[in-house]
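You asked for a quick read of this one before you dig in yourself. Here are my notes, written for someone coming to it fresh.

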Amino acid sequence: MESYHKPDQQKLQALKDTANRLRISSIQATTAAGSGHPTSCCSAAEIMAVLFFHTMRYKSQDPRNPHNDRFVLSKGHAAPILYAVWAEAGFLAEAELLNLRKISSDLDGHPVPVTFTDVATGSLGQGLGAACGMAYTGKYFDKASYRVYCLLGDGELSEGSVWEAMAFASIYKLDNLVAILDINRLGQSDPAPLQHQMDIYQKRCEAFGWHAIIVDGHSVEELCKAFGQAKHQPTAIIAKTFKGRGITGVEDKESWHGKPLPKNMAEQIIQEIYSQIQSKKKILATPPQEDAPSVDIANIRMPSLPSYKVGDKIATRKAYGQALAKLGHASDRIIALDGDTKNSTFSEIFKKEHPDRFIECYIAEQNMVSIAVGCATRNRTVPFCSTFAAFFTRAFDQIRMAAISESNINLCGSHCGVSIGEDGPSQMALEDLAMFRSVPTSTVFYPSDGVATEKAVELAANTKGICFIRTSRPENAIIYNNNEDFQVGQAKVVLKSKDDQVTVIGAGVTLHEALAAAELLKKEKINIRVLDPFTIKPLDRKLILDSARATKGRILTVEDHYYEGGIGEAVSSAVVGEPGITVTHLAVNRVPRSGKPAELLKMFGIDRDAIAQAVRGLITKA
């Protein structure tokens with residue numbers, strides 16, 4: 001970054017005027033809406049003015065241009081001032097600001113992905129992680145000059161995810177990243193814990209490896225100077241501000257969080273602020289340096305078919321690692337992230353073949369998901385994150401916000417269910433299907449062999465939204481030919497005859513147990529139809545119904561997951577209301593324990609013997 005040149009008095013005054021216009025717009029919009037956070041906007045007015053009209057480089061009529069500097073509003077409740085900025089820049093009509101929070105407007109109460117917002121924020125503590133992903137992409141993948149700025153509130157600095165991101169930025173020397181801490185002293189219901197102890201904030205940032213500068217957050221000159229400092233490390237600008245700055249009688253007062261000004265009061269305050277504005281002339285945005293490469297992530301296909309042999313054994317977690325490494329040869333925009341489990345999830349195979357595209361996120365799963373979301377913005381990369389499926393549960397809020405962000409990320413969870421064996425319940429994912437099925441933009445893959453896993457990885461790379469791939473620890477036989485076609489929402493009939501009596505649906509380990517149960521039952525002259533759903537969401541309703549009708553309406557589901565929210569409930573909801581169809585579930589019914597995989601499958605009634613017994617019971621009942 002070029003060395004600091006002090007702006008002249010005319011430019012400084014223009015920035016002050018801009019900040020006051022942003023204040024007025026934020027007050028007007030929230031008063032018109034009858035709700036919102038004007039005081040949180042007013043503390044950040046000078047920060048936003050200097051950032052957008054002095055420091056940042058971007059095309060004001062093309063907010064998502066790949067060359068532009070990036071901005072993330074982590075304190076998402078200050079959305080009105082972000083909208084005011086884009087109106088000031090000429091991208092939004094000023095009149096549109098008065099439609100804030102209306103059902104007919106794109107200007108939601110907290111930022112969502114409209115034309116100028118890359119990630120949804122508002123669930124606090126997540127913006128910096130996404131900004132780290134953008135900065136990492138800019139520095140290491142795009143190798144471009146765009147910079148990333150993230151504005152945080154002091155309240156959200158109590159979130160651990162902020163400090164996961166602070167550590168990440170320092171480890172990877174993201175010197176193209178600037179975090180601005182809006183230290184306005186007041187939280188929602190109480191003062192923030194450190195209030196205005198600026199030195200403590202500075203020491204904390206420095207301890208995390210950041211260059212930390214304390215500034216008067218209402219001095220445009222101090223802000224210009226701080227933003228002009230270039231260091232070979234991430235920079236934190238710790239801005240001392242006052243909540244409700246410029247609002248007489250409200251500034252630095254408690255109990256005003258999230259409250260718009262009453263109409264009469266707003267009109268009076270607007271007049272007071274307006275009287276301080278010396279010029280109506282607007283500052284034009286500075287265009288960016290155009291050095292980001294053009295990227296195409298559409299239609300990424302495997303370079304060749306799978307190369308497995310039917311009957312050979314491989315764990316789907318290992319097949320995932322092999323498949324991802326293979327797909328990495330098809331596009332240099334496939335990237336992998338892991339949470340220090342790469343030798344268990346087998347993402348280490350990708351790292352070995354594509355070391356420059358592997359991001360070690362260490363044991364910080366929440367941040368890993370946020371990094372992926374940031375890396376995926378503006379269609380710069382196709383990220384695949386992996387860890388034990390159980391550990392994605394701690395990142396559920398980040399996954400939920402990724403869906404709201406309309407993000408396209410892929411998450412692979414290994415070590416699912418009791419079949420992992422001796423490690424015990426803390427490592428066993430038994431809630432993950434329920435969690436991922438509940439996410440609105442999700443696709444849930446549950447491959448049962450190496451061929452299906454390779455196809456799942458390829459499909460996930462080309463499927464919009466949040467893709468989850470559930471992989472298992474035990475080695476199981478290859479059951480599909482290498483040229484088998486797989487599609488999202490398309491199940492497979494793995495075993496059938498003309499006189500099948502029950503449709504058994506299993507996935508992963510339990511599909512193989514179902515096939516073993518079929519062998520046991522065949523000796524008793526009982527035939528079953530075995531279905532592999534491949535995707536649990538969306539589910540192949542038609543094939544399930546056709547199979548059920550061919551087997552006297554009887555469906556038996558068996559899964560290495562708790563009863564709640566898994567395959568059984570997915571199938572039940574798919575066939576509800578269909579006459580003559582009954583669904584029986586086998587699943588894990590309580591918190592498990594350590595043991596050998598076969599012992600645990602037996603203990604929880606989801607092994608071949610339990611399946612065979614349940615089939616006999618269904619037939620006898622009839």
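The points below go through helices, strands, cores and cysteines in turn.

1. First, a caveat: this is a predicted model. Please keep that in mind for everything that follows.

2. Start with helix H1, which covers residues 9-33. H1 has 25 residues and reaches 36 Å from its first C-alpha to its last, close to the 36 Å expected at 1.5 Å a residue. Is H1 enclosed or not? 18 of its 25 residues are buried, so H1 is largely enclosed by the rest of the structure. After H1 comes Gly34, with a positive phi near 80°.

3. Next, look at helix H6, residues 160-171. H6 has 12 residues, and its end-to-end C-alpha reach is 17 Å, close to the 16 Å expected at 1.5 Å a residue. Which residues of H6 are buried? They are Ser161, Val162, Trp163, Ala165, Met166, Phe168 and Ala169. When you read that list, it helps to recall that an α-helix has 3.6 residues a turn, so residues three or four places apart point the same way. H6 is followed by Lys173, whose phi is also positive, near 50°.

4. Now the open sheet of five strands. Its order is S1-S2-S3-S5-S4, and the pairing is parallel. Strands S1 (70-73) and S4 (211-216) stand at the edges with a single partner strand each, so one side of each has no neighbour in the sheet. From one strand to the next, the twist averages 20°. For a closer look at one edge, S4 is joined to S5 (residues 235-240) by six bridges, and the two run parallel. Within that pairing, Ala212 has Ala236 in S5 as its bridge partner.

5. Strand S7 (residues 334-338) deserves its own point. Five of its five residues are buried. How are they split between the two faces? Ile334, Ala336 and Asp338 lie on one side, with Ile335 and Leu337 on the other, so both faces of S7 are covered. That split follows the usual pattern: in a regular strand the side chains alternate between the two faces of the sheet. S7 has five bridges to S9 (residues 382-388), running parallel, and Ile334 stands opposite Val382 there. S7 also pairs with S8 (residues 358-360) in the parallel sense, over three bridges, where Leu337 faces Ile359.

6. On to the nonpolar cores. The largest has 81 residues, and the members that touch the most others are Leu128, Leu177, Ile359, Phe392, Ile399 and Leu411. Helix H5 (residues 127-141) gives this core its largest share, eight residues. Leaving out residues up to four places away in sequence, Leu177 touches Leu128, Ala131, Cys132, Ala135, Val148, Ala169, Trp210, Pro234 and Thr235. A second, separate core of 51 residues includes Ala19, Ala49, Leu151 and Ile283.

7. Finally, the cysteines. How many disulfides are there? The count comes to zero. Why does Cys42 not form one? Its closest cysteine sulfur, in Cys41, is 6.6 Å away, too far for a bond. Cys224 is in no disulfide either, and its nearest cysteine sulfur, that of Cys42, is 20 Å away. Both are tucked away from the surface by the numbers: Cys42 counts as buried at 0% relative accessibility, and Cys224 counts as buried at 1%.

Methods:
Residues are numbered from 1 along each chain as its sequence is written. This is a predicted model: local features need pLDDT of at least 70, side-chain atom pairs count only at pLDDT 80 or more; totals for chains, interfaces and linings use all residues. Side-chain values use heavy atoms; hydrogens and water are left out. Helices (H or I, at least four residues) and strands (E, at least two) are DSSP runs, numbered from the N terminus. The expected span of a helix is 1.5 Å times one less than its number of residues. Buried means under 20% relative accessible area, exposed over 50%, partly exposed in between (1.4 Å probe, protein chains only). A disulfide is a pair of cysteine sulfur atoms within 2.5 Å. Two strands pair if DSSP finds at least two bridges between them. Axes are lines fitted to C-alpha atoms, for helices over the stretch in contact, and angles run from 0 to 180 degrees between N-to-C directions. A nonpolar core is a set of buried Ala, Val, Leu, Ile, Met, Phe, Trp, Tyr and Cys residues joined through side-chain atoms within 4.5 Å. Contact means heavy atoms within 4.5 Å.
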